[in-house]
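Hi,

Here is the structure I promised to pass on. Have a look at it first, and my notes on what turned up follow underneath.

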Amino acid sequence: MRFSLRQLEVFIATARHENVSRAAADLAMSQSAASGALKDLEGQFDVQLFDRRGKRLQLSELGAQLRPRAENLLAQARELEQALAGAEVAGRLQVGATLTIGNYLAVPMIADFRRRFPGADVALTVDNTERIADKVAAFELDMGLVEGELNHPDLETRHWREDELQVFAAPGHPLAGRRKLSDRDLLGLEWIVRERGSGTRQTFDRAMHGILPDLTIALELPHTEAIKRAVEAGLGVGCLSRISLVEAFARGSLVPLAVPGRDFRRRLNLILHRDKFHGAALSAWLDLCEQSWADRLPGQSVAAAAKKDAKQP
């Protein structure tokens with residue numbers, strides 16, 4: 001064999017960081033050793049894996065084609081090493097999640113995963129749908145749990161579970177006692193919503209089709225909790241996943257507003273790179289994701305299921 005796994009590690013780390021120095025630090029190598037490994041790999045096959053633009057290295061067309069194969073080969077090598085060491089499910093998974101999922105659903109799942117598989121671990125990255133998708137596509141994350149809709153040629157999307165957004169206000173809001181809100185009511189409100197690029201904002205915009213350009217967007221905030229605090233302070237009304245509002249509704253700091261004329265339903269999805277190798281740890285995590293929703297009681301509502309999830313350790 002004319003290449004080593006170490007050379008592939010340097011290739012992948014350089015592709016991830018677009019910089020040899022940062023790749024070397026990631027691999028606990030000297031910069032000269034990392035540069036030498038990359039140069040030897042390219043020289044052995046007389047190829048150019050990167051286009052060099054100053055200090056930044058971008059994958060060449062060939063490098064981009066080879067990266068998924070190199071990622072999968074390294075993943076299989078690590079799994080073989082773990083099997084030789086007697087660990088059936090081991091290693092570290094890099095999982096991405098959007099804010100609602102990361103804050104309200106993923107943590108109990110990670111705790112359950114660690115109890116089942118003490119030799120494995122899960123590192124969680126929380127960001128909006130667009131950035132999680134970008135990281136999965138770049139092999140920086142093993143998979144993602146997202147709220148938004150995607151159409152990415154390199155990503156596989158799997159339906160995971162149902163969710164629904166809920167319009168809400170502070171208890172003292174003038175419309176808090178109204179049985180239902182009309183489009184005219186919605187147009188007269190000041191809205192505090194998530195930023196563009198988030199799955200929640202995507203669903204909100206779709207639900208408000210026809211009147212969206214005329215809505216008054218008072219604030220766009222990137223954090224669920226910040227939106228809830230702003231609404232509690234009387235700065236406007238919000239629209240977030242029911243999963244994130246269960247506790248606030250229970251203690252009465254926020255109240256739901258009924259909007260029967262608008263469809264706020266959505267799907268939460270699992271996303272994976274189409275070329276990603278599914279090792280034992282990733283397969284076990286995907287099984288757990290499926291079980292976490294399949295275990296819901298038949299006929300149980302989304303809100304009731306969210307309340308049950310929130311109470312899990």
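Helix H8, residues 199–207, is mostly covered, with seven of its nine residues buried. Those seven are Gly-199, Thr-200, Arg-201, Thr-203, Phe-204, Asp-205 and Ala-207. Bear in mind that this is a predicted model, so treat what follows as a description of that model.

Two of the buried H8 residues, Arg-201 and Asp-205, turn up again in a network of salt bridges that also takes in Arg-196 and Glu-220. Arg-206 has a salt bridge as well: its partner is Glu-149, and the closest N and O atoms are 3.0 Å apart. That pair ties together distant parts of the chain, as Arg-206 sits in H8 while Glu-149 is in the loop between strand S5 (143–146) and strand S6 (155–169), 57 residues apart. Arg-206 has a relative accessible area of 34%, so it counts as partly exposed. Glu-149 is at 52%, which means exposed, since the cut-off for that class is over 50%.

The full count is 27 salt bridges, and two others are worth a look. Glu-71 and Arg-16 meet through their side chains at 3.7 Å, N to O. Here too the link joins distant parts of the chain, with Glu-71 in helix H4 and Arg-16 in helix H1, 55 residues apart. Glu-71 is buried at 8% relative accessible area, whereas Arg-16 is partly exposed at 29%.

The other one is local. Lys-228 pairs with Glu-225, again with closest N and O atoms 3.0 Å apart. Both lie in helix H9 (residues 224–232), three residues apart, or about one turn of the helix. Which of the two is buried, and which is partly exposed? Lys-228 is the buried one, at 5% relative accessible area, because buried means under 20%. Glu-225 comes out as partly exposed at 33%.

Now for the part you may want to open in your own tools: the largest pocket holds about 740 Å³ of space. It is lined by 31 residues, and the closest to its centre are Ala-75, Arg-78, Arg-92, Asp-142 and Lys-276. By class, the lining has 14 nonpolar, five polar and twelve charged residues. Helix H1 (5–17), helix H4 (61–84), strand S3 (91–97) and helix H11 (280–294) each supply at least two lining residues. H4 gives the most, with six.

On the outside, Val-107, Leu-124 and Val-126 make a nonpolar surface patch of about 210 Å². Val-107 belongs to helix H5, residues 99–116.

Two backbone angles also caught my eye. Ala-28 has phi near 60°, a positive value in a residue other than glycine. Ala-28 lies in the loop between helix H2 (20–26) and helix H3 (31–45), and is exposed at 72% relative accessibility. Asp-46, also not a glycine, has a positive phi of about 50°. Asp-46 is in the loop between H3 and strand S1 (50–53), and its relative accessible area of 72% makes it exposed.

As for the overall picture, the protein has twelve helices and eleven strands. The C-alpha trace spans about 75 × 45 × 30 Å along its principal axes, and 46% of the 313 residues are buried.

Cheers

Methods. Residues are numbered from 1 along each chain as its sequence is written. This is a predicted model: local features need pLDDT of at least 70, side-chain atom pairs count only at pLDDT 80 or more; totals for chains, interfaces and linings use all residues. Side-chain values use heavy atoms; hydrogens and water are left out. On a 1 Å grid over the protein atoms alone, a cavity is a set of points where a 1.4 Å probe fits but cannot get out, and a pocket is an open set with protein on both sides within 12 Å along at least five of seven lines; lining residues have an atom within 4 Å of a point. Grid points are joined across faces, edges and corners, and a volume is the space filled by probe spheres set on the points. Helices (H or I, at least four residues) and strands (E, at least two) are DSSP runs, numbered from the N terminus. Ala, Val, Leu, Ile, Met, Phe, Trp, Tyr, Cys and Pro count as nonpolar, Asp, Glu, Lys and Arg as charged, and the others, Gly among them, as polar. Patches are made of residues with over 30% relative accessible area and no salt bridge: like charges are joined within 9 Å, nonpolar side chains (Val, Leu, Ile, Met, Phe, Trp, Tyr) within 5 Å. Accessible areas come from the Shrake-Rupley method with a 1.4 Å probe; for residues, only the protein chains shown count as cover. A salt bridge is a side-chain nitrogen of Lys or Arg within 4 Å of a carboxyl oxygen of Asp or Glu. Buried means under 20% relative accessible area, exposed over 50%, partly exposed in between (1.4 Å probe, protein chains only).
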